[in-house]
Amino acid sequence: MIYLDNAATTKILPEVIESMIPYLTDQYGNPSSIYKLGQDSKTAINNVRKIIADAIGAEETEIFFTSCGTESNNWAIKGSAELGKKDKRNHIITTQFEHHAVLHTVEYLAENGFEVTYLPVYEDGIVKIQDVEAEIRDNTCVVSIMYANNEIGTIQPISEIGEICKQKGILFHTDAVQALGILKMDVNKLNVDMLSMSAHKLHASKGIGALYIRSGIKIPNLLHGGGQEFLRRAGTENVASIVGFGKAVECAMSKMDKKIANVSKLRDKLIDFVLKNIPKARLNGSKNNRLPGNVNFSFEGLEGESLILLLQEHGIYASTGSACTSGSLNPSHVLLSIGLSHEIAHGSLRLTISDLNTEDEIDKVIEVLPQVISRLRSMSPIWNDELIDYVAKQHAKS
Ligand SMILES: *Cc1c(COP(=O)(O)O)cnc(C)c1O
């Protein structure tokens, strides 16, 4: 099996599982209990708080555990909106190609009296700083722009956008779920007020996330209940998953430069091969400004879903669009946002590489992909090899 869907989720590292086991067995104390069994759980959580804070250049008191990246995004945006409403600010800026955890949250707010501006991301999949500046109004309460896109991997100019928001006194949130543990980041250099994280995208378990909230920013709570997380996020902590999250962040931070170099090399090998050897293929999103492990192509004349199923027959796991949009007939909003037609967007393939993948695996993909694509195109009513030859000859003539 060759797993190349690491933007959807990742394999849990053995050392992460090992770190979690005590908290699923003997160390089951409730962190809110005052006896030792409870306090040991609390200590474990606070150790991870420090690990995560250090990883992003924050203070421990600025890290709040949540149930997932989706909750972190909801809390940051709804909280900022509620704060804004108190000063009669009801305008939100985001982008057209955010994850649904952001898009559906702002759509909900739009139904409840907020105005939303969706910034374009252009063909290269990157927000323009001057667009952010131009759209900021007197009543803007929050700007939410993702750090790196989950489908096309493009990295946004977060630090520059944050600088503008800071000057204008507007809250700035970034969904960094795809970037945490992959890229180095520092919340102060990034000029962000809030930053969303999720553990299962970096080799830890599902159902655990965190939100960084800059000290002094008093967004209201999303969940009300007990006094956990400094009175700001109620609910008994998922201790084992938090511990695993910490271990995964530690693993990710060690030798990060080397991993970035290795994974980028595999990415570029795959991209260069496809663009050179498979006709009518295009790379979606900027070639240079993208996550080390992200590859996203569109192939004319085939259906992404068929491609995924044929690749699976060869033991290769990939995706088309995002995991959330596949299964629906609408093409990915991300691919449409960079200007692809419905037809082209439907023929898309996302391969997301992690540091657990090997060069042999990429070589296998390079061997299989052209065969599978030719096979699909030969079955396609709109595209086949003869047609490709014909088009090529016409081009040569003209
Ligand atoms: C996966 C993902 C999320 C959602 O995180 P969950 O922990 O699965 O809720 C949000 N944003 C981005 C960019 C993601 O890739």
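In this predicted model, helix α1 (residues 14-24) and helix α9 (residues 239-253) bring their axes within 8 Å of each other and cross at roughly 155°. Because angles over 145 degrees count as roughly antiparallel, α1 is roughly antiparallel to α9. The crossing of these two helices, α1 and α9, is right-handed. On the α1 side, the residues that meet α9 are Glu-15, Val-16, Ser-19, Met-20, Tyr-23 and Leu-24. Their partners in α9 are Val-239, Ala-240, Ser-241, Val-243, Gly-244, Lys-247, Ala-248 and Cys-251. By class, the contact of α1 with α9 comprises nine nonpolar, three polar and two charged residues.

A second helix pair is formed by α10 (residues 256-277) and α14 (residues 359-379), whose axes lie 10 Å apart and which pack at an angle of about 15°. Angles under 35 degrees count as roughly parallel, and α10 and α14 are therefore roughly parallel to each other. Here too the handedness can be stated: α10 passes α14 in a right-handed crossing. From α10, the contact draws on Lys-265, Leu-266, Lys-269, Leu-270, Phe-273 and Val-274. From α14, Glu-359, Ile-362, Asp-363, Val-365, Ile-366, Leu-369 and Pro-370 take part. The residues of this contact between α10 and α14 are nine nonpolar and four charged, with no polar residue.

The third pair consists of helix α3 (residues 69-86) and helix α4 (residues 100-110), with axes that come within 9 Å and cross at roughly 30°. This angle makes α3 roughly parallel to α4, and the crossing of α3 and α4 is right-handed. Helix α3 contributes Thr-70, Asn-73, Asn-74, Ile-77, Lys-78 and Ala-81 to the contact, while α4 contributes Ala-101, Val-102, Thr-105, Val-106, Tyr-108 and Leu-109. Seven of the residues in the contact of α3 with α4 are nonpolar, four are polar and one is charged.

Thr-70, a member of the α3 contact with α4, also leads to the ligand. There are 13 residues around the ligand, and those that come nearest are Thr-70, Asp-175, Gln-178, Ser-198 and Lys-201. For Thr-70, a polar side-chain atom is placed 2.6 Å from an oxygen atom of the ligand. Asp-175 has a polar side-chain atom 2.6 Å from a nitrogen atom of the ligand. In the case of Gln-178, an N or O atom of the side chain is 2.7 Å from an oxygen atom of the ligand.

How values were computed: Residues numbered from 1 in each chain as written. Predicted model: local features only at pLDDT ≥ 70, side-chain atom pairs only at ≥ 80, totals over all residues. Heavy atoms only, no water. Axes fitted to C-alpha atoms, helices over the stretch in contact; angles between N-to-C directions. Helix = DSSP H or I, 4+ residues; strand = E, 2+ residues; numbered from the N terminus. Parallel < 35°, antiparallel > 145°, perpendicular 65-115°, else oblique. Left-handed = near helix turned anticlockwise from the far one by under 90°. Contact = heavy atoms within 4.5 Å. Nonpolar A, V, L, I, M, F, W, Y, C, P; charged D, E, K, R; others polar. Near = heavy atom within 4 Å. Polar contact = N/O pair within 3.5 Å; in protein donor to acceptor, adjacent residues only side chain to side chain.
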